[in-house]
Amino acid sequence: MTASDAQTHVFAMRMWKSLLATQELLSAYLGVKLGLYEALAAAPGPMRPDELARAAGVAPRYAREWLEHQAVCGIVETDDVRLPAEHRAYRLPAGHAAVLTVSDDPMSLASLAVLPLGGIAAALPELVAAYRSGAGVPDDVFGVDWRDGHSGANRALFAHQLAGWIAQQLPDVHARLDAPGRRIADVACGTGWSSIALARAYPQAEVTGLDLDGAALRQAERNAAEAGVADRVRFACRDAADPQLAGEYDLVCLFDALHEVSQPVAVLQACRQLRAADGAVLLMDAKVAPAFTAPGDDVERFQYGTSVLHCLPASLTGTDSTGTGTVLRPGKVRELAVQAGFSGMTILAVNDRFHRLYRLTG
């Protein structure tokens with residue numbers, strides 16, 4: 001076998017394993033969307049296909065095939081493979097349930113790794129056309145699966161880490177927000193998980209979530225009500241650049257959104273205008289390598305994959321787009337901040353694999 005033949009063989013096996021992984025993710029998508037994992041996790045014991053079908057509202061034959069596939073892949077377990085297909089019972093191990101159900105558990109991957117598949121699949125024809133024309137692909141093409149996946153992907157971070165990051169890395173901001181009458185603006189808040197986390201961390205502050213996606217804001221209102229903070233969080237379908245909002249907020253946040261907008265400088269200018277004279281601007285965006293390198297590590301592969309399939313096409317929507325994409329390196333963040341009128345940028349020392357946290361000053 002020549003070196004070229006060996007290389008071909010190794011790469012063919014890599015693609016074969018990618019196919020298997022893709023099939024598992026797509027079947028997991030069915031499990032999340034149809035409530036199959038939720039039903040298995042809630043059951044007092046193992047479930048037969050007909051029992052799962054009744055609990056989740058699916059057809060028994062589909063339930064059986066899905067369960068068998070999940071067992072073959074080692075995702076669910078069955079006690080006796082020798083039983084007739086209709087009588088075999090299956091259980092979802094607790095450790096797998098934590099990963100495959102939607103929650104604020106840091107180990108939940110349902111939103112990050114599973115739900116976005118539906119959005120990408122729905123958008124594939126538009127993506128093919130956009131790659132040929134150079135046009136953008138609006139977020140509404142990716143639909144509710146992408147919205148829920150994207151917002152849910154950071155839910156655990158907001159719930160369990162955001163408050164600690166502010167307290168440890170921004171002690172002056174933390175002390176300020178602990179006082180009565182303070183105001184926080186959460187720009188591009190999506191379905192509201194960051195706004196909810198801020199309201200829980202600072203019960204004396206009023207949090208305003210701003211976004212232009214009305215459907216996301218309706219979900220945000222429901223999330224805030226379920227979290228018990230609806231009295232201190234309000235959501236508004238308004239442009240952050242609205243001059244009536246300027247200069248009112250002690251903290252202005254922009255979380256995991258700058259790389260997706262078509263005009264990032266204008267968005268940063270709006271954040272700067274929202275900030276009170278002695279307020280702070282906090283920016284979170286993708287943690288990518290400081291400079292291009294290839295091959296890259298798993299995180300760099302993930303960030304580029306997200307950009308190719310969603311964030312670059314989304315950022316190219318609209319007029320005069322800068323075409324930023326997910327791979328927004330620290331040097332570029334600094335450049336955009338300076339163009340927006342900020343005089344300084346500090347990278348805060350937070351330990352997260354996928355995100356950097358910046359404080360913009362001046």
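User: What do buried, exposed and partly exposed mean here?

Analyst: In this predicted model, buried means under 20% relative accessible area, exposed means over 50%, and partly exposed is what lies in between.

User: Why is F354 called partly exposed?

Analyst: The relative accessible area of F354 is 26%, and since a residue counts as buried under 20% and as exposed over 50%, F354 is therefore placed in the class between the two.

User: What makes F302 and F354 an edge-to-face pair?

Analyst: Among the five aromatic pairs found in a search of the whole structure, this one has ring centres 5.5 Å apart and planes at 70°; rings pair if their centres lie within 6.5 Å, and planes over 60 degrees apart count as edge-to-face, so the rings of F302 and F354 meet both conditions.

User: Why is this pair said to tie together parts that are apart in sequence?

Analyst: F302 belongs to helix α15 (residues 298-315), whereas F354 lies in the loop between β8 (344-348) and β9 (355-361), so the contact joins parts that are 52 residues apart in sequence.

User: How do you know that the charged end of R272 sits over the ring of F342?

Analyst: The charged end of R272 is 5.9 Å from the centre of the F342 ring, and the distance cut-off is within 6 Å; R155, in turn, lies over the face of W193 at 4.0 Å from the ring centre.

User: What makes M13 eligible for a nonpolar surface patch?

Analyst: Patch residues need over 30% relative accessible area, and M13, in helix α1 (residues 3-33), has 36%; M13 makes a patch of about 360 Å² with W16, L19 and L20.

Terms used. Residues numbered from 1 in each chain as written. Predicted model: local features only at pLDDT ≥ 70, side-chain atom pairs only at ≥ 80, totals over all residues. Heavy atoms only, no water. Patch = residues over 30% accessible without salt bridge, like charges linked within 9 Å, V, L, I, M, F, W, Y side chains within 5 Å. Areas by Shrake-Rupley, 256 points an atom, 1.4 Å probe, with all protein chains shown as cover. Salt bridge = Lys/Arg side-chain N within 4 Å of Asp/Glu carboxyl O. Helix = DSSP H or I, 4+ residues; strand = E, 2+ residues; numbered from the N terminus. Buried < 20%, exposed > 50% of the residue type's maximum accessible area, 1.4 Å probe, protein only. Phe/Tyr/Trp six-rings, centres within 6.5 Å; stacked < 30°, edge-to-face > 60°. Lys NZ or Arg CZ within 6 Å of the ring centre and 35° of its normal.
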